[in-house]
Amino acid sequence: MNKKGLWGEAVIEHPSKANASERTVGQTDIYTSFFCLAVIIFLLVARKYIYRSLMPIIRCCFRFSHTLRVEDNISLGQGRIILFIFSLFHFSMLSFYVIQEYRTDLFDEYGWFLVPFFFLAYTLFYALRWIVFGFVGWVIKRYGEFAFIARGLGDYLIFAATFTIPLTFITLLSWPSAMNLLFTWCALVLIIGYLLFLYRTLRYFIYVRFSIFFWILYLCTLEIAPIAFLYSALITI
């Protein structure tokens, strides 16, 4: 666009929409490459723990009796922690892509910093749940029971990550137009995993001879309330 300056005519160039689009695509390629590289490195470094722990954890999600048998397995506990941390990272990246897809204003303003933000937020959320579970168990002198429930929540997050990673890779590497399908699938798997987790808690309350009334009270105070708080926090972003 030509504009008269103090000493004559000056030419002011504005970036075209095509250039802005190219920059956005380039940034997306960088984030996708980083995510895929991080997953590959994790698979190589933690392959021993994945081999030993992943299938037992998945079986625990579907078979309550198997959960009771492997609960004292030390190597399973180590793999559970590693896989849990990776699952948090996986869903932090997915949250980042959700923001990139639906909230371009936040993506343009914060960019890459959204990934550590989501990771820290989800880690803090689960840490607070562990603290609350531990406090309730200490108050009623049943710490072991509530520690068992807290570990189960991590198992179902691993379950959800396991069944969403393949579609995540396919979408990011060769099917970018299927982002909405990916988000829908992830939400569906998370809901299924959470319902399975609630069913496990019911089975465990019956197993340790707790009243169903206490299970309903547990749902209202330690499940519904935190989920409602997290949902209200996310929609205000």
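**Exercise 1.** In this predicted model, classify Asp-105 as buried, partly exposed or exposed, then state which residue meets its side chain in a salt bridge.

*Solution.* Step 1: the relative accessible area of Asp-105 is 42%. Step 2: buried requires under 20% and exposed over 50%, so Asp-105 is partly exposed. Step 3: the salt-bridge partner is Arg-103, with an N to O distance of 3.1 Å. Step 4: Arg-103 has 29% relative accessibility and therefore also counts as partly exposed.

**Exercise 2.** Which helices hold Glu-223 and Arg-129, and what does the pair tie together?

*Solution.* Step 1: the side chains of Glu-223 and Arg-129 form a salt bridge, 2.7 Å from N to O. Step 2: Glu-223 belongs to helix 9 (residues 212-235) and Arg-129 to helix 6 (residues 114-139), so their contact ties together parts that are 94 residues apart in sequence. Step 3: Glu-223 is buried at a relative accessible area of 1%, and Arg-129 is buried at 7%.

**Exercise 3.** Which residues are joined into one network by salt bridges that share partners?

*Solution.* Step 1: the network consists of Arg-80, Asp-155 and Arg-200. Step 2: within it, the closest N and O atoms of Arg-80 and Asp-155 lie 2.7 Å apart. Step 3: Arg-80 sits in helix 4 (residues 74-102) and Asp-155 in helix 7 (residues 143-174), so this pair links parts 75 residues apart in sequence. Step 4: Arg-80 counts as buried at 9% relative accessibility, and Asp-155 counts as buried at 0%.

**Exercise 4.** How many salt bridges does the structure hold?

*Solution.* The total is four.

Terms used:
Residues numbered from 1 in each chain as written. Predicted model: local features only at pLDDT ≥ 70, side-chain atom pairs only at ≥ 80, totals over all residues. Heavy atoms only, no water. Helix = DSSP H or I, 4+ residues; strand = E, 2+ residues; numbered from the N terminus. Buried < 20%, exposed > 50% of the residue type's maximum accessible area, 1.4 Å probe, protein only.
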